[in-house]
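Grab your viewer and work through these exercises with the fold in front of you. Each task comes with a solution that you can follow step by step.

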Amino acid sequence: KANWCPIRSSRGGRMARQKKIGKLSPVWILRISVRRMITGLSAMPATCGGTARRTARRSVSGGKLPLRRKNNLKTRAMNKNLIEKIAPQLTELMIKKMETLTEEWRKPWIADLAHGLPRNLRGTPYRGGNILMLLFLSEIAGYRTPLFMTFKQAKEEGLNILKGSGSFPVFFWKLYVRHKETRKRIELAEYYRLPQEQRQQYDVLPVIRYYPVFNIDQTDMQERQPERYSALTTPVEQKDYSDGLTCEPLDRMLAEQSWLCPILLRSGNRAFYSPTLDRIVCPEKRQFPEGAAFYTTLLHEVTHSTGHPKRLNRSFGACYGDADYIREELVAELTSALCGAMLGFATTPREESAAYIKDWLAEFRKEPTYLFDILTDVNRAARMISGRLDIGRETETSEALPAEAAWTLIKLFV
């Protein structure tokens, strides 16, 4: 170290520098120390391998960070700012929904599916966690149908947003693919056509975007276009689930054992997923009073299985009831609710999960971005389940968040 560290090169020089530094503020002392360390590292011999190469790039730019690292930090800051901007509004809505469950925990997560899933005026459905949040919003605000539009779309339709109406954020991830060395961007579709080896040469950077939307009940459509409003708010015929429910995609998955791990249906009173054995055990359907209750339980355990280390690698917690355990239960509850809505039935919080509602509420109030982190995992788990069941299958688009981008996102935030 004495050969390359300038602060220890000579006794006289060191004393002179200490005397000079003594007259400076602590901030300048820190700056000078960091600069000297960078200068010293750039002088390391080539035998030090990667460290020398990395620091050499820093020294060429006058001690500045490499361009790739600088861009990653910029992306991280931009994502963080946007998440902190929209998270409080999402969290406030979730708290209101949770409070309705504390009053009556047997109440379904989705109170009304008679009007279908949330969509815009063109009929395009929203995706991922936005489905849940807009359904919750329609229930809490009392909207007649989960049909939303942007301010621009309202103007294009000749509609006005009612005075005092507040918007709600719809968020998505925009993916940018950039070569690590040349910094040249390519389209996501082109990236997916590359062999796996060539993909390693690119960074997939997820950047969050959002846009504010309004429900049609926040516009003057009812006065300006009464016939259209009536048609859009008329519910579809609801199915009678009183005698049970069948779900063809889930029944097919069970019959073919096509899920990612074995699912054993056994007569009993326990449903669980074993991460050690990578196996789901669930009571038989005939034991449930309603088909919806059976499928809710099954989707809950299937969601847990997506967190296995060889899949989405979520933490299940070190022991029953710890923070990670409670977090995983919320991911499973929201994912089963989302998948249930996509399959056409409403799920109800499980009796075991009702005990965690107060813990979830406490986390929401303590950290508004907690929910956004949860929704990221919910999106990925629901995407894995829907892809396996062949429901709502989407082509790879810039709004999807594949594994490469998900890991990039994790690296940006830790």
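## Warm-up: the whole chain

The protein chain has 17 helices and eight strands. Keep in mind that this is a predicted model.

**Exercise 1.** Work out what percentage of the residues in the protein chain is buried, and how much of the accessible surface belongs to carbon and sulfur atoms.

*Solution.* Start with burial: of the 414 residues in the protein chain, 43% are buried. Now the surface: the accessible total is about 22,700 Å², and carbon and sulfur atoms own 52% of that. As for contacts, take those with a separation of 6 or more: 71% of them link residues 24 or more positions apart.

## The five-stranded sheet

**Exercise 2.** Find the strand order of the open sheet of five strands, and say which strands stand at the edges.

*Solution.* Step one, read off the order: E1-E2-E5-E3-E4, with mixed pairing. Step two, look at the ends: E1 (119-120) and E4 (185-186) each have a single partner strand, so one side of each lacks a neighbour in the sheet. Step three, add the helix: H5 (residues 129-141) packs on this sheet and touches E2, E3 (168-179) and E5, with its direction at about 170° to that of E3.

**Exercise 3.** Trace how E5 pairs with E2 and with E3, and decide whether E5 is largely enclosed or open.

*Solution.* Begin with E2 (residues 147-149): two bridges tie it to E5 (residues 202-215) in the antiparallel sense. Here methionine 149 sits opposite phenylalanine 214 of E5. Next, E3: this strand also runs antiparallel to E5, and 12 bridges join the pair. Phenylalanine 168 faces valine 213 in E5. Finally, check burial: 10 of the 14 residues of E5 are buried, so the rest of the structure largely encloses this strand.

## The three-stranded sheet

**Exercise 4.** Lay out the open sheet of three strands, then find which helix packs on it.

*Solution.* The order is E6-E8-E7, and the pairing is mixed. At the edges you'll find E6 (263-265) and E7 (272-274), each pairing on one side only. Ignoring direction, neighbouring strands of this sheet are turned by 20° against each other on average. Zoom in on E7 and E8 (residues 279-282): they pair in the antiparallel sense over three bridges. Phenylalanine 272 has valine 281 in E8 as its bridge partner. The helix is H12, which touches E6, E7 and E8 and makes about 165° with the direction of E8.

## A helix crossing

**Exercise 5.** Classify how H12 and H16 cross, and describe the residues where they meet.

*Solution.* First the geometry: the axes of H12 (residues 291-306) and H16 (residues 370-389) come within 10 Å and cross at roughly 110°. That value makes H12 roughly perpendicular to H16, because angles of 65 to 115 degrees fall in that class. Then the contact: Leu299, Val302, Thr303 and Thr306 from H12 meet Ala381, Met384 and Ile385 from H16. Sort them by class and you get five nonpolar, two polar and no charged residues.

Conventions: Residues are numbered from 1 along each chain as its sequence is written. This is a predicted model: local features need pLDDT of at least 70, side-chain atom pairs count only at pLDDT 80 or more; totals for chains, interfaces and linings use all residues. Side-chain values use heavy atoms; hydrogens and water are left out. Axes are lines fitted to C-alpha atoms, for helices over the stretch in contact, and angles run from 0 to 180 degrees between N-to-C directions. Helices (H or I, at least four residues) and strands (E, at least two) are DSSP runs, numbered from the N terminus. Angles under 35 degrees count as roughly parallel, over 145 as roughly antiparallel, 65 to 115 as roughly perpendicular and the rest as oblique. Contact means heavy atoms within 4.5 Å. Ala, Val, Leu, Ile, Met, Phe, Trp, Tyr, Cys and Pro count as nonpolar, Asp, Glu, Lys and Arg as charged, and the others, Gly among them, as polar. Two strands pair if DSSP finds at least two bridges between them. Buried means under 20% relative accessible area, exposed over 50%, partly exposed in between (1.4 Å probe, protein chains only). Accessible areas come from the Shrake-Rupley method with a 1.4 Å probe; for residues, only the protein chains shown count as cover.
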